[in-house]
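This report describes a single protein chain for a reader who has the sequence and the coordinates at hand. It goes from individual loop residues to a helix contact and then to the whole chain.

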Amino acid sequence: MKNRKDDFGKGIKALLDNIEEEYQQPSTSQSRPITPIDSSVKILMDTIEVNPFQPRADFDEDGLRDLTESIKVHGVIQPVTVRSLGDGHFQLISGERRLRASKMAGLKEIPAFVREADDQEMLELALIENIQREDLNAIEIAINYKRLIDECSLTQDELATRLGKNRTTVTNYLRLLKLPPDVQKSIKEKKLSMGHARAIISIEDPVVQLMIYKEAIQKELSVRQVESLVRKYAQPEKKKESSAPVAANTNLPLAYRKMQDELSSLLSTKVRVKKSKGESGEIIVSFYSDDDLDRILNLIG
């Protein structure tokens with residue numbers, strides 16, 4: 001058998017293709033014998049529990065009904081993937097949509113690949129399978145990328161290799177999570193494209209980002225028009241920086257810098273964290289008008 005770690009370096013295809021072709025049925029009086037079908041087996045539907053690491057929460061009802069009708073006519077074309085829990089019970093690794101539609105179609109059994117996987121691999125497989133969906137928006141992809149990095153202890157380079165992507169692509173998606181919440185919401189709702197988002201994020205000031213975003217939405221600007229707007233806003237920033245350079249907050253510990261970035265994104269304004277000696281410090285939140293202050297206070301609650 002191939003080394004499992006080697007397979008994990010080859011991306012989603014290797015993860016899902018290297019399926020155990022032989023499976024010994026545990027002896028239990030409550031389970032039926034598993035019937036091999038080529039490289040898969042038939043498993044009772046009520047012996048399969050859902051994947052607790054499933055990152056996908058929403059399933060399109062119309063799409064599920066269409067898949068259910070297709071399964072009634074043609075059966076399950078692509079087997080689901082499960083891991084054995086022992087005693088004739090299984091846990092779903094991938095294929096929850098097919099499992100749900102099969103239950104709706106009234107099937108008692110479903111073809112499945114049985115493979116070994118620990119909890120870490122279950123999480124990674126579920127996240128990677130979720131990324132392969134065609135209906136994901138850019139923010140959902142970015143969130144999955146971040147979860148893979150944080151929860152599976154991957155670097156951006158390792159993630160790019162496993163997904164068969166360029167590292168720059170992974171970085172560009174992750175940068176979207178630094179955008180203000182309003183902008184992220186518009187990307188989720190597909191009011192803004194990835195091109196719009198990449199242009200907006202080239203501006204560091206979240207207040208300016210919001211100004212460009214609002215203008216882009218109101219005037220239904222194209223990506224090129226937004227890029228032009230970004231250049232217009234960026235020019236005065238450069239002049240200001242050249243005349244009065246601001247010292248970077250380089251001495252701030254990484255954890256505090258991360259918190260500073262997260263607060264800036266959450267409040268859609270500049271936030272500066274200053275660390276004093278010991279455990280004390282201060283948080284400085286910028287506002288640019290009375291309305292802007294009211295907005296921030298409402299966010300804080």
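Where is the place of aspartate 205? Aspartate 205 sits in the loop between α10 (194–200) and α11 (206–219); helices (H or I, at least four residues) and strands (E, at least two) are DSSP runs numbered from the N terminus. The model is predicted, so local features need pLDDT of at least 70 and side-chain atom pairs count only at pLDDT 80 or more, while totals for chains, interfaces and linings use all residues. Residues are numbered from 1 along each chain as its sequence is written, and side-chain values use heavy atoms, with hydrogens and water left out.

**Loop residues**

Aspartate 205 counts as buried because its relative accessibility is 12%; buried means under 20% relative accessible area, exposed over 50%, and partly exposed in between (1.4 Å probe, protein chains only). Its C-alpha atom is separated by 7.3 Å from that of threonine 269, although the two residues are 64 apart along the chain.

Aspartate 87 is found in the loop between β4 (80–86) and β5 (89–94). Glutamate 220 belongs to the loop between α11 and α12 (223–243). Neither aspartate 87 nor glutamate 220 is a glycine, and the phi of each is positive, as tabulated here.

| Residue | Phi | Relative accessibility |
|---|---|---|
| Aspartate 87 | about 55 degrees | 60%, exposed |
| Glutamate 220 | about 50 degrees | 71%, exposed |

**Helix α6 and its contact with α8**

Leucine 148 is placed in helix α6. Leucine 148 counts as buried, because its relative accessibility is 0%. Leaving aside neighbours within four places in sequence, leucine 148 is in contact with Glu124, Leu127, Ile128, Ile131, Ser153, Leu154 and Leu159, where contact means heavy atoms within 4.5 Å. The C-alpha atoms of leucine 148 and leucine 123 are separated by 8.3 Å, with their positions 25 residues apart along the chain.

How do α6 and α8 lie relative to each other? Their axes come within 8 Å and cross at roughly 110 degrees; axes are lines fitted to C-alpha atoms, for helices over the stretch in contact, and angles run from 0 to 180 degrees between N-to-C directions. The two helices are therefore roughly perpendicular. Angles of 65 to 115 degrees fall in that class, under 35 counts as roughly parallel, over 145 as roughly antiparallel, and the rest as oblique.

On the α6 side the contact is made by Ala138, Ile141, Ala142, Tyr145, Lys146 and Ile149, and on the α8 side by Val170, Tyr173 and Leu174. These residues divide into eight nonpolar, no polar and one charged. In this scheme Ala, Val, Leu, Ile, Met, Phe, Trp, Tyr, Cys and Pro are nonpolar, Asp, Glu, Lys and Arg are charged, and the others, Gly among them, are polar.

**Aromatic pair**

A search of the whole structure returns one aromatic pair. Tyrosine 145 and tyrosine 173 form this pair, which is edge-to-face, at 5.5 Å centre to centre and 85 degrees between the planes. Rings of Phe, Tyr and Trp (its six-membered ring) pair if their centres lie within 6.5 Å; planes under 30 degrees apart count as stacked, over 60 as edge-to-face and the rest as tilted. The pair links distant parts of the chain, with tyrosine 145 in helix α6 (residues 138–151) and tyrosine 173 in helix α8 (residues 167–175), 28 residues apart. Both tyrosine 145 and tyrosine 173 are buried.

**Whole chain**

The protein chain has 14 helices and eight strands. Of its 301 residues, 40% count as buried.
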